[in-house]
Amino acid sequence: MVGDDLTLDITGGHGAGLHTIWLHPTQAPQEFVGPSPDFTTATVTDAVQILLTQDAPPA
């Protein structure tokens with residue numbers, strides 16, 4: 001799950017059993033109580049690179 005909202009996207013993704021990437025272009029600190037994203041990146045391009053370099057789950 002790639003998203004820019006910690007509560008909706010990251011918490012929701014973790015709740016669904018997905019790995020998460022937080023798209024956070026400002027890199028400003030945020031207070032948040034919830035599951036940490038698996039990855040944090042500033043750009044969509046970087047998020048795509050993360051997705052492409054992760055091991056695929058077994059078929």
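Tutor: A pocket is an open set of grid points with protein on both sides within 12 Å along at least five of seven lines. Keep that in mind for this model, which is predicted.

Student: What volume does the largest pocket have?

Tutor: Start with the general idea. Rolling a probe the size of a water molecule over the atoms shows where empty space is left. Here the largest pocket comes to about 210 Å³.

Student: Which residues line the largest pocket?

Tutor: Met1, His19, Thr20, Ile21, Phe39, Ile50, Leu51, Gln54 and Asp55 do. By class, the lining holds five nonpolar, three polar and one charged residue.

Student: Now the fold. What pattern does the chain follow along the sequence?

Tutor: Read the elements in order from the N terminus. The chain runs β-α-β-β-α. That comes to two helices and three strands. The radius of gyration is 12 Å, close to the 10 Å that the globule rule gives for 59 residues, so the chain is as compact as a globular protein of that length.

Student: What does the C-alpha trace span along its principal axes?

Tutor: About 35 × 25 × 10 Å. Two further values describe the chain. Buried residues make up 22% of its 59 residues. Of the contacts with a separation of 6 or more, 20% link residues 24 or more positions apart.

Student: In what order do the strands sit in the sheet?

Tutor: Follow the pairing from strand to strand. The order is 1-2-3, in an open sheet with parallel pairing. Strand 1 (2-3) and strand 3 (39-41) are the edge strands, each pairing on one side only.

Student: How many bridges join strand 1 and strand 2?

Tutor: Two bridges, in the parallel sense, with strand 2 covering residues 21-23. To see the register, find glycine 3: tryptophan 22 in strand 2 stands opposite.

Student: Take the loop between strand 2 and strand 3. Is histidine 24 in that loop buried or exposed?

Tutor: Use the relative accessible area; buried means under 20%. Histidine 24 has 7%, so this residue is buried. It lies in the loop between strand 2 and strand 3.

Student: Which residues does histidine 24 touch, not counting those up to four places away in sequence?

Tutor: Gln30, Thr40, Thr41 and Ala42. Compare sequence with space as well. Histidine 24 and phenylalanine 39 are 15 residues apart in sequence and 10 Å apart in space, C-alpha to C-alpha. Phe39 is also one of the residues that line the largest pocket.

Student: And glycine 34, what is its relative accessible area?

Tutor: Glycine 34 has 41%, so this residue counts as partly exposed. It too belongs to the loop between strand 2 and strand 3. Its C-alpha atom is separated by 9.6 Å from that of histidine 14, 20 residues apart along the chain.

Student: Back to the pocket lining. Where is leucine 51 placed?

Tutor: In helix 2, residues 44-53. Check accessibility next, where exposed means over 50%. Leucine 51 reaches 52%, so this residue is exposed.

Student: Which residues does leucine 51 touch, not counting those up to four places away in sequence?

Tutor: Val2 and Ile21. Place these on the sheet: strand 1 covers 2-3, and strand 2 covers residues 21-23. The C-alpha atoms of leucine 51 and methionine 1 are separated by 9.8 Å, with their positions 50 residues apart along the chain. Met1, Ile21 and Leu51 are among the residues lining the largest pocket.

Definitions and conventions: Residues numbered from 1 in each chain as written. Predicted model: local features only at pLDDT ≥ 70, side-chain atom pairs only at ≥ 80, totals over all residues. Heavy atoms only, no water. 1 Å grid on protein atoms, 1.4 Å probe; cavity = no way out; pocket = protein on both sides within 12 Å on 5 of 7 lines; lining within 4 Å. Points joined across faces, edges and corners; volume = space filled by probe spheres on them. Nonpolar A, V, L, I, M, F, W, Y, C, P; charged D, E, K, R; others polar. Pairing = 2+ DSSP bridges. Helix = DSSP H or I, 4+ residues; strand = E, 2+ residues; numbered from the N terminus. Buried < 20%, exposed > 50% of the residue type's maximum accessible area, 1.4 Å probe, protein only. Rg over C-alpha atoms; globule rule 2.2 N^0.38 Å. Contact = heavy atoms within 4.5 Å.
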